[in-house]
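Dear colleague,

Please find below the sequence and structure that I am handing over to you. My findings are set out after them.

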Amino acid sequence: MINPTEKIWHNGKLIHWNDAKIHVLAHVTSYGSSVFEGVRCYATASGPAIFRAREHARRLRDSARIYRIQIPYSIDEICNAMAEVVRVNKMDACYIRPLVLRGYGNLGVMPTKDNPIETYIACWTWGKYLGGESLEKGVDACVSSWTRMAPNTLPALSKAGGNYMNSQLIRMEAEVNGYSEGIALDASGYVSEGSGENLFLIRDGKLITPPLGASVLPGITRDTVIQIARSLDIPVSEALIPREALYIADEIFFCGTAVEITPVRSVDRIEIGKGKRGPITERLQREFFDIVEGKKADRFGWLSPVAQPVGAAK
C-alpha cells in the first residue's frame with residue numbers, strides 16, 4: 001500500500017492527497033488515455049535531489065505528443081512542480097509520479113476538446129521494487145508467453161498507461177509461475193524488456209541491450225547505464241538479442257527508475273553466472289548509487305537539488 005503524503009500538484013495548484021480524484025467516466029478509465037513518468041528523488045548530504053528531472057519531463061511531453069495530448073506546461077514548469085511536491089511534503093527521498101490524463105467529458109473513443117487534460121504530480125516513499133535483497137542476490141525471471149507490442153500497433157516509445165496492460169499480463173504470469181519478473185520478446189522473437197524495466201546482458205565483458213526498435217521504452221536509467229559503462233571503459237552496444245542468449249549470458253540485470261539496477265540470477269530456472277550479482281553489474285551499481293546519493297561528484301549533471309528552482313543560478 002502507498003503511504004499517503006499530504007499534497008499532490010494538480011494543474012498548477014497543490015491539493016490535499018484525498019482530493020485528487022477523477023470521475024468514473026473520465027476518458028482515461030475506459031480507454032487508458034494517460035501518459036506518466038516514474039522519477040526518483042534521492043537523499044544526499046546537501047539535501048534531496050531529483051534524478052534526471054529534465055529527461056523525465058521531456059519524455060513525459062514526448063509521450064503525450066505521440067498521443068496528441070497537449071500538456072500546457074513547459075519542461076521547466078514540470079521540473080519545478082516535481083521539486084515543489086517534494087518540498088511541501090518534506091521528503092528526503094521518494095518516488096515521484098507525474099501523470100497526464102484525458103478527463104471527464106466526451107466518452108467516445110475519439111477524444112475531443114470536451115475532454116480536459118489533467119496533470120497531476122504526486123510523491124511517496126517507495127523502497128526496492130523487487131525486494132530489499134534483490135540488488136545483491138538477484139531475482140528469478142522467466143521468458144513470458146506474452147510478447148511486446150508489434151511495430152505500428154501501440155507506440156512503445158510512449159510511456160502510456162494503456163501500454164501497461166501488456167506489462168500487467170507479463171508480470172502476473174511470472175508471479176503465478178513463481179518468478180519475480182517476466183522477460184518479454186518482441187514480435188520477431190528477440191528479447192525486448194521486462195514488464196516495467198529495460199534489460200542488459202553481459203557476455204565476455206561486453207554489455208549488450210536491445211535497440212529501441214525491439215519495442216523498448218527509451219529508459220532514462222537505460223541511458224544512464226550506457227553513459228556510466230562508457231565512462232568506466234566497459235564496452236556497450238545495442239543489438240538484437242535472441243532468446244537463447246539469455247541462457248548463456250555471464251550476467252543479466254534489469255534497470256529502471258523503480259528497479260534501479262537489479263541483477264537476474266536465473267532465467268527459466270537456468271542459473272546465470274554464479275546465480276547472484278556478477279562483478280560488472282556490481283561495478284555499475286556501485287557507480288550509480290555513489291552518484292545519485294551524492295557520494296561521488298555528479299559529473300554528468302544528473303541531480304537537480306529540490307531547494308533550487310530550475311533555471312536558478314548554481
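The notes below cover the pocket, one helix and the salt bridges.

Please bear in mind that this is a predicted model.

The largest pocket encloses about 930 Å³ of space. Its lining comprises 39 residues, and those nearest the centre are Phe36, Arg97, Lys159, Tyr164 and Gly196. By class, the lining residues are 16 nonpolar, 16 polar and seven charged. At least two lining residues come from each of β3 (34-36), β6 (94-102), α5 (164-176), α6 (220-231) and β14 (251-256). Helix α5 makes the largest contribution, with six residues.

Helix α8 runs over residues 279-292 and spans 20 Å from its first C-alpha to its last, close to the 20 Å expected for its 14 residues. Ten of these 14 residues are buried, among them Leu284, Glu287, Phe288 and Phe289. Gly294, which follows α8, has a positive phi near 75°.

The structure contains 15 salt bridges. One of them links Glu287 of α8 to Lys296, with the closest N and O atoms 2.7 Å apart. Glu287 is buried, at 8% relative accessible area, whereas Lys296 is partly exposed, at 38%. Glu133 and Lys137 form another salt bridge, at 3.6 Å between the closest N and O atoms; here Glu133 is exposed, at 55%, and Lys137 is partly exposed, at 42%. A further salt bridge joins Lys295 and Glu293, at 3.1 Å from N to O. In addition, Arg52, Glu55 and Asp223 belong to one network of salt bridges with shared partners.

Yours sincerely

Note on methods
Residues numbered from 1 in each chain as written. Predicted model: local features only at pLDDT ≥ 70, side-chain atom pairs only at ≥ 80, totals over all residues. Heavy atoms only, no water. 1 Å grid on protein atoms, 1.4 Å probe; cavity = no way out; pocket = protein on both sides within 12 Å on 5 of 7 lines; lining within 4 Å. Points joined across faces, edges and corners; volume = space filled by probe spheres on them. Helix = DSSP H or I, 4+ residues; strand = E, 2+ residues; numbered from the N terminus. Nonpolar A, V, L, I, M, F, W, Y, C, P; charged D, E, K, R; others polar. Expected span 1.5 Å × (residues − 1). Buried < 20%, exposed > 50% of the residue type's maximum accessible area, 1.4 Å probe, protein only. Salt bridge = Lys/Arg side-chain N within 4 Å of Asp/Glu carboxyl O.
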